[in-house]
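Thanks, I'll keep this brief. Please bring the sequence and the model up on your screens, and we can go through it together.

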Amino acid sequence: MEPQALHRQMMAFALRFKRWLAIGNGCFRAARTYEEVGLRRFEAQVDGLRREWYVYEPTAHRRNPGKKLPLLLAIHGYACTGPLFAENCEWHMVGERRDFFVVYVCAYPSNETFGGRTVPLPTWNAVGMKAGTDDIHFITEVLRDVKARYSVDPERVYVSGH
């Protein structure tokens, strides 16, 4: 086999997997798209920036769309994204078993924390980080949108983060 063909085959194989360094000494898993995970992607202009989030709809919602279900807001850490955090934490699997929505929000790419000396990475404007975004406003808009689309129990909205 020619070296270029072998290289393409090796890369095609390797890119089907990810190693999660945040779990113990690393965990080798198959890579999946947000569609394969079962998430729906949404986006909107918020404060002049294109922002995105992903929603997991449990089977309980599809069976009975009018029933109010709890919602978990899952916030990823620095340099991650909503879909990557979904693959890592798998809150949507718990949401399926326990009948609740999961919303994975995405930080906006920034390099302000390191004075512009890095490539822009998804960064929350939070303690110890600078992103130049109003993430409280963004999350407020996401929750408003999700509550307008789905039957969310407003008394059972929870937050988890990395």
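Start with R41 and E43, whose side chains form a salt bridge with an N to O distance of 2.7 Å. Keep in mind throughout that this is a predicted model. Are these two residues buried, partly exposed or exposed? R41 has 31% relative accessibility, so it counts as partly exposed. E43 has a relative accessible area of 42%, and it is partly exposed as well. The pair also belongs to a network of salt bridges that links R41, E43, R50 and E52. As background, side chains of opposite charge can pair when their charged atoms come close.

How many salt bridges are there by the rule used here? The count is 10. I'll go through two others. One is D145 with R149, where the N to O distance is 2.7 Å. Both residues sit in helix 6, which runs over residues 135-149, and they are 4 residues apart, about one turn of the helix. Their exposure is as follows. D145 is at 15% relative accessibility, and the cut-off for buried is under 20%, so D145 counts as buried. R149, with a relative accessible area of 46%, is partly exposed.

The other one joins R156 and D153, with 2.7 Å from N to O. D153 is buried, at a relative accessible area of 15%. R156 is partly exposed, and its value is 33%.

Now helix 6 itself. First its length: the helix has 15 residues, and at 1.5 Å a residue the expected span is 21 Å. The C-alpha atoms at its ends are 21 Å apart, which agrees with that.

Which residues of helix 6 are buried? They are D135, F138, I139, V142, L143, D145 and V146. Around the axis they cover an arc of only 165°, so they lie on the same side of helix 6. On the other side of the helix, I136 and A148 are exposed.

What do the buried residues pack against? Their partners are strands: strand 3 (39-46), strand 4 (49-56), strand 5 (69-75), strand 6 (101-105), strand 8 (121-123) and strand 9 (152-161). If you want to trace this on screen, colour helix 6 and those strands, then look at the side of the helix that carries F138, I139 and V142, which are among its buried residues.

Next, a histidine. H61 is in helix 3, residues 59-63. With 10% relative accessibility, H61 counts as buried. Which residues does H61 touch, leaving out those up to four places away in sequence? The contacts are L69, F101 and Y150.

Two backbone points for anyone checking torsions. E90 has a phi near 55°, which is positive in a residue other than glycine. E90 lies in the loop between helix 4 (82-89) and helix 5 (91-98). Its relative accessible area is 22%, so E90 is partly exposed. The second is D99, which is not a glycine either, yet has a positive phi of about 60°. D99 is found in the loop between helix 5 and strand 6. At a relative accessible area of 28%, D99 is partly exposed.

On the surface, I'd point to one feature. M1, L6 and M10 make a nonpolar patch of about 350 Å². Of these, M10 is placed in helix 1, residues 3-14.

Finally, the figures for the chain as a whole. The protein chain has 6 helices and 9 strands. Its C-alpha trace spans about 60 × 40 × 30 Å along the principal axes. Of its 162 residues, 36% are buried. The exposed area is about 9700 Å², and carbon and sulfur atoms supply 56% of that. What share of the contacts between residues at least 6 apart in sequence joins residues at least 24 apart? In this chain that share is 58%.

To recap on helix 6: its buried residues are on the same side, they pack against strands including strand 3 and strand 9, and I136 and A148 are exposed on the other side. The helix also holds the salt bridge between D145 and R149. That's my part done.

Conventions
Residues are numbered from 1 along each chain as its sequence is written. This is a predicted model: local features need pLDDT of at least 70, side-chain atom pairs count only at pLDDT 80 or more; totals for chains, interfaces and linings use all residues. Side-chain values use heavy atoms; hydrogens and water are left out. A salt bridge is a side-chain nitrogen of Lys or Arg within 4 Å of a carboxyl oxygen of Asp or Glu. Buried means under 20% relative accessible area, exposed over 50%, partly exposed in between (1.4 Å probe, protein chains only). Patches are made of residues with over 30% relative accessible area and no salt bridge: like charges are joined within 9 Å, nonpolar side chains (Val, Leu, Ile, Met, Phe, Trp, Tyr) within 5 Å. Accessible areas come from the Shrake-Rupley method with a 1.4 Å probe; for residues, only the protein chains shown count as cover. The expected span of a helix is 1.5 Å times one less than its number of residues. The arc is that of the directions from the helix axis to the C-beta atoms. Contact means heavy atoms within 4.5 Å.
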